[in-house]
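User: Hi, could you walk me through this structure? I'm new to this, so please take it step by step.

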Amino acid sequence: MSEDSLKISVLASSSSGNVTYIETPEHHVLVDAGMSGKKIKESLESIGKDINTIDSLFVTHEHTDHIKGVGVLARRYGLNVYANQKTWDAMLPKIGKVPEDQINVFQHNKVLCLDDLDVESFAVSHDAADPQFYKFHHNGKDFVILTDTGYVSDRVEQTIKNADGYLFECNHDVEMLRNGFYPWPLKQRVLSEKGHLSNEDGANALMSVLGDRTKQIYLGHLSPENNTKTVAHTAVENILEDNDFGVGNDFLIHDTDPKVADPLISL
């Protein structure tokens, strides 16, 4: 594993909790903290990382499965926390006091330069105050996180095209959702343009953004009630293969888990 590479591990991804670890030689950061501080600490240890080395935390939006541990981590480990203003306004009442010097406002469609790590923010369509996701750049490599969106706009497609790696939403199987126990208003919300990408939606969006640089794809934010790893993986793989994408040759598709961290890899 190269010492000057962009390294990633999806520590947890599902509609019950989301945390991603990203590392460069100068920065160790988290995206979202949707588990307890204790669980995040243990998850980092499982990939050989010490939570005390984390310096920054990027928050996508204020839903509990993305912010559960934000307040604890900020206070206990002195992390710089980044989110846009509307997300801060919606999040602070839920996470408790955060020291003022650790509160960083990072609006969407901006680029934040942190030494050897550049972070690009972009807006998405979801039922939160002002949801945004991130593209990370280091040493000629890009990693994109995109979950919690009802659709992928042309602007987002252009922003995230041909990255080296993606964590991409495949939240639900449409038939499982329609036939499941969710009340109809919740089903409508999930299926709406401010909801979540289905397995098919995720695969179709991926086909619009994959390029010759893309080597790693993580399927994320699976619903425990309306999806399974096998259903999501099979759906995405079949759609990509049917459209002549080189699954397993040009790039790999990885499953993610609500509790078990994916191994740390170098892009």
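Analyst: What follows is a conversation about the sheet, the aromatic rings, the cores and two charged residues of this model, which is a predicted one.

User: Okay, let's start with the sheet: which strands are in it, and in what order?
Analyst: The model has an open sheet of seven strands in the order β6-β5-β4-β3-β2-β1-β14, and the pairing within this sheet is mixed.

User: Which strands stand at the edges?
Analyst: Those are β6 and β14, the latter covering residues 265-266, and because each has a single partner strand, one side of each is left without a neighbour in the sheet.

User: How does β4 pair with β5?
Analyst: β4 and β5, where β5 spans residues 80-83, run parallel and are joined by three bridges, and within this pairing Leu 57 stands opposite Val 81.

User: And what about β5 and β6?
Analyst: Three bridges also join β5 to β6, which covers residues 103-105, and these two strands run parallel, with Ala 83 standing opposite Val 105 in β6. Between the two strands the chain passes through helix α4, residues 85-95, and this β-α-β crossover is right-handed.

User: Which strands in the sheet run antiparallel?
Analyst: One such pair is β2 (residues 19-23) with β3 (residues 28-31), which are joined by four bridges, and here Thr 20 has Val 31 in β3 as its bridge partner.

User: Switching topic: how many aromatic pairs are there?
Analyst: The structure holds eight aromatic pairs. In one of them, Phe 58 and Tyr 82 have ring centres 4.8 Å apart and planes at 15°, so this pair is stacked. The pair links distant parts of the chain, since Phe 58 sits in strand β4 and Tyr 82 in strand β5, 24 residues apart.

User: Are those two buried or exposed?
Analyst: Phe 58 is buried, with a relative accessible area of 0%, and Tyr 82 counts as buried as well, at 8% relative accessibility.

User: Can you give me another stacked pair?
Analyst: Phe 106 and Tyr 134 also form a stacked aromatic pair, at 5.9 Å centre to centre and with 25° between the planes. Phe 106 lies in the loop between β6 and β7 (111-114), while Tyr 134 lies in strand β9 (residues 132-138), so the pair ties together parts that are 28 residues apart in sequence. Both Phe 106 and Tyr 134 are buried.

User: Which residues do the ring pairs link into a cluster?
Analyst: The cluster consists of Phe 58, Tyr 82, Phe 106, Tyr 134 and Phe 136, which are linked by ring pairs.

User: Now the inside: how many residues are in the largest nonpolar core?
Analyst: The largest nonpolar core has 50 residues, and among those with the most contacts inside it are Phe 58, Phe 136 and Phe 168. Helix α8, residues 199-209, gives the largest share of this core, which is five residues.

User: What does Phe 168 touch?
Analyst: If we leave aside its neighbours within four places in sequence, Phe 168 is in contact with a list of residues including Leu 146, Ile 160, Ala 205, Leu 206 and Tyr 218. Apart from the core just described lies another one, of 27 residues, and Leu 44, Ile 54, Leu 57 and Ala 83 are among its members.

User: One more topic, the charged residues: where is Glu 62?
Analyst: Glu 62 is found in the loop between β4 (56-58) and α2 (64-67).

User: Is Glu 62 buried or exposed, and why?
Analyst: Glu 62 is buried, because its relative accessible area is 8%, and the cut-off for buried is under 20%.

User: What lies around Glu 62?
Analyst: Beyond its neighbours within four places in sequence, Glu 62 is in contact with several residues, including Thr 87, Met 91, Lys 94 and Ala 129. A polar atom of the Glu 62 side chain lies 2.9 Å from the backbone nitrogen of Ala 129.

User: And where is Lys 49?
Analyst: Lys 49 lies in the loop between α1 (37-46) and β4, and Lys 49 is buried, with a relative accessible area of 18%. Leaving aside neighbours within four places in sequence, Lys 49 is in contact with Tyr 21, Glu 23, Leu 44 and Leu 264.

Terms used:
Residues numbered from 1 in each chain as written. Predicted model: local features only at pLDDT ≥ 70, side-chain atom pairs only at ≥ 80, totals over all residues. Heavy atoms only, no water. Buried < 20%, exposed > 50% of the residue type's maximum accessible area, 1.4 Å probe, protein only. Contact = heavy atoms within 4.5 Å. Polar contact = N/O pair within 3.5 Å; in protein donor to acceptor, adjacent residues only side chain to side chain. Pairing = 2+ DSSP bridges. Right-handed = clockwise from strand over helix to strand, strands pointing away. Phe/Tyr/Trp six-rings, centres within 6.5 Å; stacked < 30°, edge-to-face > 60°. Core = buried A, V, L, I, M, F, W, Y, C linked by side-chain atoms within 4.5 Å.
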